[in-house]
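The following report describes a pocket, a helix and a few side-chain arrangements in one protein model. Please keep the structure in view while reading.

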Amino acid sequence: MPDSKIKSLTDLGKILAAEKKRGKKIVALSGVFDLLHPSHIEFLEKAKRLGDKLVVFLNNDSYVKAAKGNGRPIYDERARARMLAALEAVDFVLIFKEKTCLGLLRKLRPQIFVQGQDWGLNCIERPVMEKLGGEVTVIKVSRKFTTTKIINKIKNLGGK
């Protein structure tokens, strides 16, 4: 079942167009989701509650390596997509290679784009969403868990 949630741009475009015709509200967000943790789960669940279908635009491996440095991603894009797709809150996952998801927003036209508190409303997606008649919503989650904190904790454990 999780693999059936991982879509190509063409397939996802058709699915979302049909969902919108049925009056469904589409919510989208983007991210790396390298080491899935409780803050990610909280973020995804809160995003799902904003609409009927939740689409995750997942940054591909090349982007993650360039943005986060050597050794990242921890899990490759296929593994990250499968983990996200296994979550009840996530309806669809699209792995993308562009540096930003702006082109995806223009093509797929979700009604809501969800942003985390790190970027807030000052994000690059906001002008595109507003031009399309959509909105950006900021979701705040616990900062107790972050991928960087988890990686550092593992490194500090060493051979203990």
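For the classes used below, Ala, Val, Leu, Ile, Met, Phe, Trp, Tyr, Cys and Pro count as nonpolar, Asp, Glu, Lys and Arg as charged, and the others, Gly among them, as polar. This is a predicted model, in which local features need pLDDT of at least 70 and side-chain atom pairs count only at pLDDT 80 or more, whereas totals for chains, interfaces and linings use all residues. Residues are numbered from 1 along each chain as its sequence is written, and side-chain values use heavy atoms, with hydrogens and water left out.

**The largest pocket**

A pocket is an open set of points on a 1 Å grid over the protein atoms alone, where a 1.4 Å probe fits, with protein on both sides within 12 Å along at least five of seven lines; lining residues have an atom within 4 Å of a point. The largest pocket holds about 1,000 Å³ of space, the volume being that filled by probe spheres set on the points, which are joined across faces, edges and corners. Its lining comprises 37 residues, of which Ser30, Gly31, Lys68, Asp118 and Trp119 lie nearest the centre. By class, the lining divides into 15 nonpolar, 15 polar and seven charged residues. Of the elements, which are DSSP runs numbered from the N terminus (helices H or I, at least four residues; strands E, at least two), β4 gives the most to this lining, with four residues.

**Helix α2 and its surroundings**

Buried means under 20% relative accessible area, with a 1.4 Å probe and protein chains only. In α2 the buried residues are Ser39, His40, Phe43, Leu44 and Ala47. Seen down the axis of α2, these residues fall within an arc of 135° (taken from the directions from the helix axis to the C-beta atoms), so they line one face of the helix. They pack against β1, β2, α4, β4, β5 and α7.

Contact means heavy atoms within 4.5 Å, and the table leaves aside neighbours within four places in sequence for both residues.

| Residue | Place | Relative accessible area | Contacts |
|---|---|---|---|
| His40 | helix α2 | 13% | Phe33, Leu35 and Thr147 |
| Leu35 | loop between β1 and α2 | 14% | His40, Ile74, Tyr75, Thr147, Ile150 and Ile151 |

The C-alpha atoms of Leu35 and Tyr75 are separated by 7.4 Å, although these residues are 40 apart along the chain.

**The aromatic pair**

A search of the whole structure finds one aromatic pair. Phe57 and Phe96 form it in an edge-to-face arrangement, at 6.4 Å centre to centre with 80° between the planes. Rings of Phe, Tyr and Trp (its six-membered ring) pair if their centres lie within 6.5 Å, and planes under 30 degrees apart count as stacked, over 60 as edge-to-face and the rest as tilted. The pair links distant parts of the chain, Phe57 in strand β2 and Phe96 in strand β3, 39 residues apart, and both residues are buried.

Notes. Buried < 20%, exposed > 50% of the residue type's maximum accessible area, 1.4 Å probe, protein only.
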